[in-house]
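Q: Please take a close look at one open sheet in this model, together with the helices that pack against it. How are its strands ordered and paired, and what surrounds them?

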Amino acid sequence: MSIQSTLNTLRYPVSSQPEKSPFNAGETLQEKTNTLNVLLLGSGGRECALAWKISQSPMLRHFYIAPGNGGTGAYGENVDLWPLDFQAIETFAKEKEIDMIVVGNEDPLVAGIYDYFSAREGSPLIVGPSQAGAALEGSKDFAKQFMVRHNIPTARYRSFTAETVEEGEKFLEELRPPYVLKADGLAAGKGVLIIDSLDEAKKSLREMLSGMFGKSSATVVIEEFLKGIECSVFVLTDGNGGYRILPVAKDYKRIGEGDTGPNTGGMGAVSPVAFADDTFMKKVEERIILPTVNGLIAEGITYRGFIFLGLIEVEGEPMVIEYNVRMGDPETEVVMLRIASDLLPLLDAAARGNLGDMPLDIDPRYATTVMVVSGGYPGSYPKGKVITGTDKCGDAILFHAGTKLDADGNLLTSGGRVIACSSYGADIDEALEGSFAAANALTYEGKYFRRDIGADLKAIERLRR
């Protein structure tokens, strides 16, 4: 049997309990129109990009975003719901006859929103994993153990608590700098420390275990540092072995140019990624994606949604840095641009456990995004600054992250990351030109953005020519 035949067999085993989709392969596009009422949970740039893409579907009937932001109202109706208030969401879903809930951020998934609704007859479909599946992001210790169980390549590690802090210090002594310390639980993207000094690493270990990140760092994972270049791979899976690999992206976490300064939630992203060629992605699929998808099934974990693979290329070999259980931000702001297919029927099929042979077409163009942020971010920053220039951004697509509208309709800053300026291009230079032009056109007090997004990938592309 050929490798491709083997992969197809593993990807599409006989489905255990798929639900029937209202979309049949023989239907025409017109016959599928005006079908689904959808609720999207979240308020960031990721959700704005998802809303932009979902809103284009002819299958969509009514679309709600909870709570949304100053830009999502262009794609659907913002509703005042807290994504962790499951009872309020349930009431709203019944009132509006919601067919599908797309969970944007990780908090509701880790809190068990899939389990909450799946236990209720007649509830909407949920795009997202069960609480057990969400532990891949909710607990870094669980994720590392999962990788070890299924022979998925990752850095050497050990986990420690306050009771074993001295063992943790000894383990640090076994490693070479820099030292990687990760809070086990969710920490809003800020629970990872990379430290050059052994003494400082030991001090930080004790501080983390003493509550630096609250309960999230009651357990700390210490990892061997991996040297290489990172990328983000996204997979949509149906929980029965079917999956689709979405466009690969690379994001930029540091606040300063040249990847300096503290980590942020993301300052920009590019797709495609020069080094993630067919050879590399074949390794990713065989060594990481298939073992992950099949490992979840083997352990009886229900997982119908997005899997984020934070990868690093080490001398041509892919290794897993982390799992996330939703789309990344700001990578979503480029990945959505490159999905040429209608996303909604894919989400429906995944949520029902039956992706089958549904196609996923990819736009061959480049997509880039540059995140415009508030002055002072990722530290303290002011809010309520008036934003202008959104009408002067050319063909760029503006995905709002930290914005809101006041009573008079003025657009204001309301977060650290304010707007992601996304653009298409025939090559990376053309796409970046559009993103940077839009970032320059936006105006508000304290505006900042990195001007070197994509520079490393441009250098790699020049070397490969």
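A: The account below moves from the sheet as a whole to its strands and then to its helices.

The model is a predicted one. In it, four strands build an open sheet in the order 6-9-7-8, with antiparallel pairing. The two edges are held by strand 6 and strand 8; each has a single partner strand, so one side of each lacks a neighbour in the sheet. On average, neighbouring strands of this sheet are turned by 20° against each other, direction ignored. As a general point, the strands of a sheet pair through backbone hydrogen bonds, in either a parallel or an antiparallel manner.

Strand 7 deserves particular attention. This strand, residues 179-183, is largely enclosed by the rest of the structure, because five of its five residues are buried. Tyr179, Leu181 and Ala183 point to one side of strand 7, while Val180 and Lys182 point to the other, and all are buried. The burial thus includes a lysine, Lys182, as well as Val180, which points the same way from the strand.

Strand 7 has pairing on both flanks. With strand 8 (residues 192-195) it runs antiparallel, and four bridges join the two. Within that pairing, Leu181 has Leu193 of strand 8 as its bridge partner. With strand 9 (residues 219-223), strand 7 again pairs in the antiparallel sense, over four bridges. Here Ala183 stands opposite Val220 of strand 9, and Lys182 stands opposite Val221.

At one edge of the sheet is strand 6, residues 157-161, to which Thr161 belongs. Thr161 has a relative accessible area of 24%, so it is classed as partly exposed; the cut-off for a buried residue is under 20%. Setting aside residues up to four places away in sequence, Thr161 touches Leu209, Ala218 and Thr219. Of these, Thr219 falls within strand 9, and Leu209 falls within helix 9. The side chain of Thr161 also makes a polar contact of 3.1 Å with that of Glu163. A distant reference point is Phe399: Thr161 and Phe399 are 238 residues apart in sequence, and their C-alpha atoms are 40 Å apart.

Two helices lie across the strands of this sheet. Helix 7 (residues 140-149) lies across strand 6, strand 7, strand 8 and strand 9, and runs at about 150° to strand 6. Helix 8 (residues 165-174) lies across strand 6, strand 7 and strand 9, also running at about 150° to strand 6.

Helix 8 has a helical partner as well. It packs with helix 9 (residues 198-212) at an angle of about 150°, the axes being 10 Å apart. Helix 8 is therefore roughly antiparallel to helix 9, since angles over 145 degrees are counted in that class. The crossing of the two helices is right-handed. On the side of helix 8, the contact is made by Val165, Glu166, Gly168, Glu169, Leu172 and Glu173. Helix 9 contributes Leu198, Ala201, Lys202, Leu205, Arg206 and Leu209. Leu209 thus takes part in the contact between the helices and also touches Thr161, a residue of strand 6.

Terms used: Residues numbered from 1 in each chain as written. Predicted model: local features only at pLDDT ≥ 70, side-chain atom pairs only at ≥ 80, totals over all residues. Heavy atoms only, no water. Buried < 20%, exposed > 50% of the residue type's maximum accessible area, 1.4 Å probe, protein only. Contact = heavy atoms within 4.5 Å. Polar contact = N/O pair within 3.5 Å; in protein donor to acceptor, adjacent residues only side chain to side chain. Pairing = 2+ DSSP bridges. Axes fitted to C-alpha atoms, helices over the stretch in contact; angles between N-to-C directions. Parallel < 35°, antiparallel > 145°, perpendicular 65-115°, else oblique. Left-handed = near helix turned anticlockwise from the far one by under 90°.
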